[in-house]
Amino acid sequence: HAYKLRDLVAVWERENGRRLSVKELAEATGIGRPTLSKMMNPKGYVTNSGNIEALCRFFEVTPHELMFFDPPISQEKD
């Protein structure tokens, strides 16, 4: 799995007309800067549900809009 955190930050910055630093995001969500940096890594990072909730609330998105599986989970049924 991985996170769409970079994309969400970019959307936030466009909508707010200013840069969102990792420090500001950390202060707003209560998530440590090192954790946020790891979550922005393309390889993904295992985090807890509290961090997922804090980011979803900050960006006003669902977990589905924050996370994805790479490779995708097949939608096919056996």
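Let me start with one residue: Val61, leaving aside residues up to four places away in sequence, touches Leu8, Cys56 and Leu66. Please keep in mind throughout that what we are looking at is a predicted model. Val61 sits in the loop between H4 and H5, and with a relative accessible area of 16% it is buried, because the cut-off for that class is under 20%. One of its partners is far off along the chain: Val61 and Leu8 are 53 residues apart in sequence, while their C-alpha atoms are 9.0 Å apart in space.

In that same loop between H4 and helix H5, which covers 63–66, we also find Glu60. Is Glu60 buried or exposed? At 72% relative accessibility, Glu60 counts as exposed. Its backbone deserves a look as well, since most residues other than glycine have a negative phi. Glu60, although it is not a glycine, has a positive phi of about 55°.

Stepping back to the whole chain, the protein has 5 helices and 2 strands, and read along the sequence these follow the pattern β-α-α-α-α-α-β. Of the 78 residues in the protein, 31% are buried. The exposed surface comes to about 5,700 Å², and carbon and sulfur atoms supply 50% of that area. If we take the contacts with a separation of 6 or more, 56% of them are between residues 24 or more positions apart.

Now to the interior. In soluble globular proteins, nonpolar side chains tend to be buried together. Here the largest nonpolar core has 19 residues, and the members that touch the most others are Leu5, Leu25, Leu36, Leu55, Phe59 and Leu66. Helix H1 (5–16), helix H2 (22–29), H3 and helix H4 (49–59) each supply at least two residues of this core, and H4 gives the most, with 5 residues. Leu5 shows how these pieces come together: setting aside its neighbours within four places in sequence, Leu5 is in contact with Leu25, Leu36, Met39, Met40, Leu55, Phe59 and Leu66.

Which two helices should we look at as a pair? H2 and H4 pack at an angle of about 105°, with their axes 10 Å apart. The two helices are therefore roughly perpendicular to each other, as angles from 65 to 115 degrees are counted that way. On the H2 side the contact is made by Leu25, Ala28 and Thr29, and on the H4 side by Ala54, Leu55, Phe58 and Phe59. Sorted by class, the contact of H2 with H4 has 6 nonpolar residues, 1 polar residue and no charged residues.

Helix H4 also holds Asn51. At 14% relative accessibility, Asn51 counts as buried, and, not counting residues up to four places away in sequence, Asn51 touches Ile31 and Thr35.

I will finish with Arg33, which is found in helix H3, residues 33–39. How does Arg33 count in terms of exposure, and what is it in contact with? Arg33 has 48% relative accessibility and so counts as partly exposed. Leaving aside neighbours within four places in sequence, Arg33 is in contact with Val22, Lys23 and Ala26. As for Val22, its C-alpha atom is separated by 6.2 Å from that of Arg33, with the two residues 11 apart along the chain.

Notes:
Residues numbered from 1 in each chain as written. Predicted model: local features only at pLDDT ≥ 70, side-chain atom pairs only at ≥ 80, totals over all residues. Heavy atoms only, no water. Helix = DSSP H or I, 4+ residues; strand = E, 2+ residues; numbered from the N terminus. Buried < 20%, exposed > 50% of the residue type's maximum accessible area, 1.4 Å probe, protein only. Contact = heavy atoms within 4.5 Å. Areas by Shrake-Rupley, 256 points an atom, 1.4 Å probe, with all protein chains shown as cover. Core = buried A, V, L, I, M, F, W, Y, C linked by side-chain atoms within 4.5 Å. Axes fitted to C-alpha atoms, helices over the stretch in contact; angles between N-to-C directions. Parallel < 35°, antiparallel > 145°, perpendicular 65-115°, else oblique. Nonpolar A, V, L, I, M, F, W, Y, C, P; charged D, E, K, R; others polar.
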